[in-house]
Amino acid sequence: MHKILLFILFSCFSFTQVLDCKVSVNADLVDQTNNQIFETLERELNEFINTTSWVDVRSEDYNKINCTMLITIENYANNEFQANLQIQSSRPVFGSTYSTPLLNRKDDNFNFSYQEFESLNFNPNNTNTSLVSLISYYVFVILGIDADSFALFGGDPYYVQARKIVDLSQTNRFSGWKQSENKTNRYWLIDQLSTKPFSLFRQAFYDYHINGLDVMVNQPELGKQTISKSIADLKSLSESRPNSLVVQLFFDTKSDEVVQIFSGGPSFDTSQLRKDLNRIAPFFSAKWVGIR
């Protein structure tokens, strides 16, 4: 019954979701006596993200997606910023007070130009400034991942928008947008989130949340079984698509949660699960030891 209610809720609000995002700008690494521009940047980004109509209709507060963005400025000169971005988002789990992390990503090429007090406006059909393109891209990634956790391939319309930003940014002089660059950049992230060769990831992601976490309150053993199956599906994807960025991103986000799920509650044979985890995410092997 709860899955039906979740589907109805998602159907009613799938075009009304917006963000409740806290943006912080850290300029401690910059030798700058006047921090006014960084304070202005932080204030303007918070207003831009939280007041822009990213989708058709503004939602009520209870339907907003929680996220944080930490922008660490590494260098600043002549209105140009070298920075990195740490971004996180989450959503509530059905029938509980627990919020599950959906995205935990660091972008080390978060470089842009910005002049204090310049207008930040997103145009979905044209080239935007480097800063607006970066922020808007990640907004649509957040929206898409959140939607994918509620409905199978529910993130499609948001990924289309993120892909369009990537396409329009091919002439951007800042790195991170092109196919020819490193395999973990923004081009490859949206490519793996939205193309058919990686559809098994989205199926596993959906099952993990709707049929796994969201049933844990009433049916913890069934929830564990489904989550274990989702991880097995990720192993299959990893075997056919080695070093997948989305699989790495999943475990960067979910490793602590997976250990927590399988470290208590009803008994569950985790022998195969541990093998799968050590196969696809060996860099977290010290954590997998905690699974019993």
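Which side chain does Arg202 meet in a salt bridge? The partner is Asp156, with N and O 2.8 Å apart. Keep in mind that you're looking at a predicted model.

**Salt bridges**

Let's stay with that pair for a moment. Arg202 sits in helix α6 (residues 199-212) and Asp156 in helix α4 (residues 156-168), so the salt bridge ties together parts that are 46 residues apart in sequence. Arg202 is buried, with a relative accessible area of just 4%, while Asp156 is partly exposed at 35%.

A search of the whole structure turns up 12 salt bridges. Here are three of them:

| Pair | N to O distance | Separation in sequence |
|---|---|---|
| Arg202 and Asp156 | 2.8 Å | 46 residues |
| Arg163 and Asp191 | 3.2 Å | 28 residues |
| Asp256 and Lys287 | 2.8 Å | 31 residues |

In the Arg163 pair, Arg163 belongs to helix α4 and Asp191 to helix α5 (residues 186-194). Asp191 is buried, with a relative accessible area of 14%. Now look at the pair formed by Asp256 and Lys287. It links helix α8 (residues 245-261), home of Asp256, to helix α10 (residues 285-288), home of Lys287. Asp256 counts as exposed at 53%, and Lys287 is partly exposed at 30%. Shared partners also join Asp148, Asp156 and Arg202 into one salt-bridge network.

**Strands**

Next, follow β3 (residues 80-92). It pairs with β2 (residues 65-77) in the antiparallel sense over 11 bridges, and Thr72 stands opposite Asn84 of β3. The hairpin of β2 and β3 has 2 residues between the strands, and Asn78 there takes a positive phi near 55 degrees.

β3 also runs antiparallel to β4, joined by 8 bridges, with Ser89 opposite Leu103 in β4. That hairpin has 6 residues between its strands, and Gly95 has a positive phi near 75 degrees. Finally, 2 bridges join β3 to β5, again antiparallel; Glu80 has Ser113 of β5 as its bridge partner.

**A buried asparagine**

Asn111 is in the loop between β4 (99-107) and β5 (112-113). Is Asn111 buried or exposed? With a relative accessible area of 15%, Asn111 is buried. Its side chain reaches the backbone nitrogen of Ala83 at 3.0 Å. Beyond its sequence neighbours within four places, Asn111 has contacts that include Phe81, Leu134 and Phe174.

**The core**

Nonpolar side chains tend to be buried together in soluble globular proteins. Here, the largest nonpolar core has 85 residues, and Met69, Ile73, Tyr137 and Phe251 touch the most other members. Helix α3 (residues 130-148) gives the most to this core, with 13 residues. Leaving aside neighbours within four places in sequence, Tyr137 is in contact with residues including Ala162, Trp177 and Arg186.

Terms used: Residues are numbered from 1 along each chain as its sequence is written. This is a predicted model: local features need pLDDT of at least 70, side-chain atom pairs count only at pLDDT 80 or more; totals for chains, interfaces and linings use all residues. Side-chain values use heavy atoms; hydrogens and water are left out. Helices (H or I, at least four residues) and strands (E, at least two) are DSSP runs, numbered from the N terminus. Buried means under 20% relative accessible area, exposed over 50%, partly exposed in between (1.4 Å probe, protein chains only). A polar contact is a pair of N or O atoms within 3.5 Å; within protein, one must be able to donate a hydrogen and the other to accept it, and residues adjacent in sequence count only if both atoms are side-chain atoms. Contact means heavy atoms within 4.5 Å. A nonpolar core is a set of buried Ala, Val, Leu, Ile, Met, Phe, Trp, Tyr and Cys residues joined through side-chain atoms within 4.5 Å. Two strands pair if DSSP finds at least two bridges between them. A salt bridge is a side-chain nitrogen of Lys or Arg within 4 Å of a carboxyl oxygen of Asp or Glu.
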